[in-house]
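This briefing is meant for someone meeting the structure for the first time. Please look through the sequence and the model below, and then follow the points grouped by topic.

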Amino acid sequence: MEFRQTNMFREVRRKNKIINDDAAMALLQSCRRGVLAVNGDNGYPYAVPINYYYDAEAQKIYFHGARVGHKADALRSCDKVCFTVYGNETIKEERWAPYMQSVVAFGRCHLIEAGSRATEILKRFAMKYYPNEQMVDEEIAKDGKAAQLYEIEIEHLTGKEIQEK
């Protein structure tokens, strides 16, 4: 799927640093944590690290959180979000200056209503972090009803590779 289709978002300034969509989606798939940025209180951005699950087939990012609090209030006020991951640090030339990849995704975030779809997504999400399916099933049976799932529909995604020097 091609994400760079709209003029609504800025283009990456240094085009020679761009990684292709497949590499960007692979980074989204492999990272364990990212940073979610929302429009917070009094016009201040609010960015918070989160665990997440990226569904490559649906091209959506899922995360869970409390039903109340700064993040939940911000998402109720404005569904526009930015989500960032970074990783794949490699040494290519100079030992002291590693390369690192990052992905920035812009999109709209919505609550997922409780039900069979939410439970299915929660299980796929949990399988990313728990060592086995039995533990996932036990945790969902115990606390699954309290989990509030959110879904980010990606509107624009870019990936870059930079050298940290």
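In helix α2, which runs over residues 70-77, the buried residues are Lys-71, Ala-72, Ala-74 and Leu-75. They cover an arc of only 165° around the axis, and therefore lie on the same side of α2. The model is a predicted one, and the points below should be read with that in mind.

**Helix α2 and its surroundings**

- On the face of α2 that is turned away from its buried side, the exposed residues Arg-76 and Ser-77 are found.
- The buried residues of α2 pack against the strands β2 (33-39), β3, β5, β6, β7 and β8.

**Helix α1**

- Helix α1 covers residues 21-30, and its buried residues are Asp-21, Ala-24, Met-25, Leu-27 and Leu-28.
- They take up an arc of only 155° around the axis, which means that they sit on the same side of α1.
- The partners against which the buried residues of α1 pack are β1 (18-19), β4, β5, β6 (80-90), β7 and β8.

**Helix α3**

- Helix α3 has 12 residues (residues 116-127), so at 1.5 Å a residue its expected span is 16 Å, and the 17 Å between its end C-alpha atoms agrees with this.
- The residues Ala-118, Ile-121, Leu-122, Phe-125 and Ala-126 are buried in α3.
- Because these buried residues cover an arc of only 135° around the axis, they are placed on the same side of α3.
- The buried residues of α3 pack against β3 (45-51), β4 (53-55), β5 (60-65), β7 (99-112), α4 (133-143) and β8 (148-163).
- As background to such one-sided patterns, an α-helix has 3.6 residues a turn, so residues three or four places apart point the same way.

**The nonpolar core**

- The largest nonpolar core holds 39 residues, and those that touch the most other members are Leu-28, Leu-36, Tyr-52, Ile-61, Phe-63 and Phe-83.
- Leu-28, which is located in helix α1, has a relative accessibility of 1% and therefore counts as buried.
- When neighbours within four places in sequence are left aside, Leu-28 is in contact with Tyr-52, Tyr-54, Ile-61, Phe-83, Val-85, Val-103, Lys-128 and Leu-157.
- Between the C-alpha atoms of Leu-28 and Phe-125, which are 97 residues apart along the chain, the separation is 13 Å.
- Not counting residues up to four places away in sequence, Ile-61 touches ten residues if one lists them in full, among them Leu-28, Tyr-52, Phe-83, Ala-105, Tyr-150 and Ile-154.
- More broadly, nonpolar side chains tend to be buried together in soluble globular proteins.

**Aromatic rings**

- The count of aromatic pairs comes to 4.
- One of them is formed by Tyr-53 and Tyr-62, which are stacked, with 6.2 Å from centre to centre and 25° between the planes.
- Tyr-53 is buried at a relative accessible area of 13%, and Tyr-62 likewise counts as buried, at 3% relative accessibility.
- The rings of Phe-63 and Tyr-150 have centres 4.9 Å apart and planes at 10°, so this pair is stacked.
- Because Phe-63 lies in strand β5 and Tyr-150 in strand β8, the pair ties together parts that are 87 residues apart in sequence.
- Phe-63 and Tyr-150 are both buried.
- Lys-128 lies over the face of Tyr-52, at 3.8 Å from the ring centre.

Conventions:
Residues are numbered from 1 along each chain as its sequence is written. This is a predicted model: local features need pLDDT of at least 70, side-chain atom pairs count only at pLDDT 80 or more; totals for chains, interfaces and linings use all residues. Side-chain values use heavy atoms; hydrogens and water are left out. A nonpolar core is a set of buried Ala, Val, Leu, Ile, Met, Phe, Trp, Tyr and Cys residues joined through side-chain atoms within 4.5 Å. Buried means under 20% relative accessible area, exposed over 50%, partly exposed in between (1.4 Å probe, protein chains only). Contact means heavy atoms within 4.5 Å. Helices (H or I, at least four residues) and strands (E, at least two) are DSSP runs, numbered from the N terminus. The expected span of a helix is 1.5 Å times one less than its number of residues. The arc is that of the directions from the helix axis to the C-beta atoms. Rings of Phe, Tyr and Trp (its six-membered ring) pair if their centres lie within 6.5 Å; planes under 30 degrees apart count as stacked, over 60 as edge-to-face and the rest as tilted. A charge sits over a ring if NZ of Lys or CZ of Arg is within 6 Å of the ring centre and within 35 degrees of the ring normal.
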